[in-house]
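Subject: Structure handover

Hello,

Here is the structure I said I would pass on. My notes on what turned up in it follow below.

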Amino acid sequence: MRVRAVLWVVSCAGLLLIGACNGGDPGTEGTETSTSTTASSPATVTTTDLAGESASTTTTVPVTKVFDADKMQDDVRDLLTGSYEVEDVQSVSCPAHQEVRAGNTFDCDVTISGDWHTVTITVNSDDGHYEVGAPEPK
């Protein structure tokens with residue numbers, strides 16, 4: 001019974017941590033914005049062997065924050081239509097698992113009036129602020 005309680009506490013603590021990481025406040029100043037990120041964290045697991053003895057093990061997982069691709073796609077669409085005043089933005093597709101690291105760059109594909117374009121995302125800070133470049137024809 002104690003093992004279940006400890007695992008439940010570890011699971012709940014992990015969910016709270018992930019929930020806190022996903023609560024980013026998106027900014028819309030100019031063409032720079034921020035978006036939600038997720039991260040991994042250390043966990044303690046208690047196991048019981050066949051003799052009924054308990055043992056705790058702490059596993060440390062490197063923390064790597066990545067952008068929430070769905071949220072980024074929404075933010076890119078909003079910036080294109082608001083800041084760049086682009087009309088008829090039909091779709092935005094940003095790659096998943098992009099690391100939140102200052103200096104990181106990657107491209108999102110955008111369909112505008114039936115034509116494919118690319119916008120370059122430049123990560124400005126390790127806090128998740130990034131810049132959305134102007135759409136360029138593909």
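There are 2 aromatic pairs in this predicted model. One of them joins F67 and F106: the ring centres are 6.3 Å apart and the planes stand at 50 degrees, so the pair is tilted. F67 sits in strand β5 (residues 66-67) and F106 in strand β7, so the contact ties together parts of the chain that are 39 residues apart in sequence. Both rings belong to buried residues, with a relative accessible area of 5% for F67 and 8% for F106.

F67 also pairs with Y130, and here the geometry is edge-to-face, with 5.5 Å from centre to centre and 80 degrees between the planes. Y130 is in strand β9, which puts the two residues 63 residues apart along the chain. Y130 is buried at 0% relative accessible area. F67, F106 and Y130 together make one aromatic cluster.

Next, the nonpolar core. The largest one has 19 residues, and M72, V76 and I121 have the most contacts inside it. Two or more residues come from each of α2, β6, β7, β8 (115-123) and β9 (129-132). Which residues does V76 touch, leaving aside its neighbours within four places in sequence? They are V92, C94, V119, I121 and V132. As general background, nonpolar side chains tend to be buried together in soluble globular proteins.

C94, one of the contacts of V76, is also half of a disulfide. The structure holds 1 disulfide, formed by C94 and C108 with their sulfur atoms 2.1 Å apart. The link is right-handed, with 110 degrees about the S-S bond. It connects distant parts of the chain: C94 is in the loop between β6 (89-93) and β7, C108 is in strand β7, and 14 residues separate them. Both cysteines are buried, C94 at 6% relative accessibility and C108 at 0%.

On charged pairs, a search of the whole structure gives 3 salt bridges. They are listed here one by one.

- D75 and K71: the closest N and O atoms are 3.0 Å apart. Both residues lie in helix α2 (residues 69-82), 4 residues apart, or about one turn of the helix. D75 is buried, at 7% relative accessible area, whereas K71 is partly exposed at 24%. The cut-off for buried is under 20%, so D75 falls on one side of it and K71 does not.

- E99 and R101: the side chains meet at 3.6 Å, N to O. Each residue is partly exposed, with relative accessibility of 34% for E99 and 38% for R101.

- D109 and K138: this salt bridge has an N to O distance of 2.9 Å. The pair links distant parts of the chain, with D109 in strand β7 (residues 105-112) and K138 in the segment after β10 (136-137), 29 residues apart. D109 is partly exposed at 24% relative accessible area, and K138 is exposed at 62%.

Strand β7 comes up repeatedly above: F106 is in it, as are C108 and D109.

Last, two backbone angles. Most residues other than glycine have a negative phi. Where are the positive values noted here, and how exposed are the residues concerned? H97 has a phi near 60 degrees and is found in the loop between β6 and β7, the loop that also holds C94. H97 counts as exposed, at 66% relative accessibility. S113 has a phi near 50 degrees and is in the loop between β7 and β8. S113 is partly exposed, with a relative accessible area of 45%.

If you want somewhere to begin when you open the file, the aromatic cluster of F67, F106 and Y130 and the disulfide between C94 and C108 can be displayed side by side with V76 and its contacts, including V92 and I121.

Regards

Conventions. Residues numbered from 1 in each chain as written. Predicted model: local features only at pLDDT ≥ 70, side-chain atom pairs only at ≥ 80, totals over all residues. Heavy atoms only, no water. Salt bridge = Lys/Arg side-chain N within 4 Å of Asp/Glu carboxyl O. Buried < 20%, exposed > 50% of the residue type's maximum accessible area, 1.4 Å probe, protein only. Disulfide = S-S within 2.5 Å. Core = buried A, V, L, I, M, F, W, Y, C linked by side-chain atoms within 4.5 Å. Contact = heavy atoms within 4.5 Å. Phe/Tyr/Trp six-rings, centres within 6.5 Å; stacked < 30°, edge-to-face > 60°.
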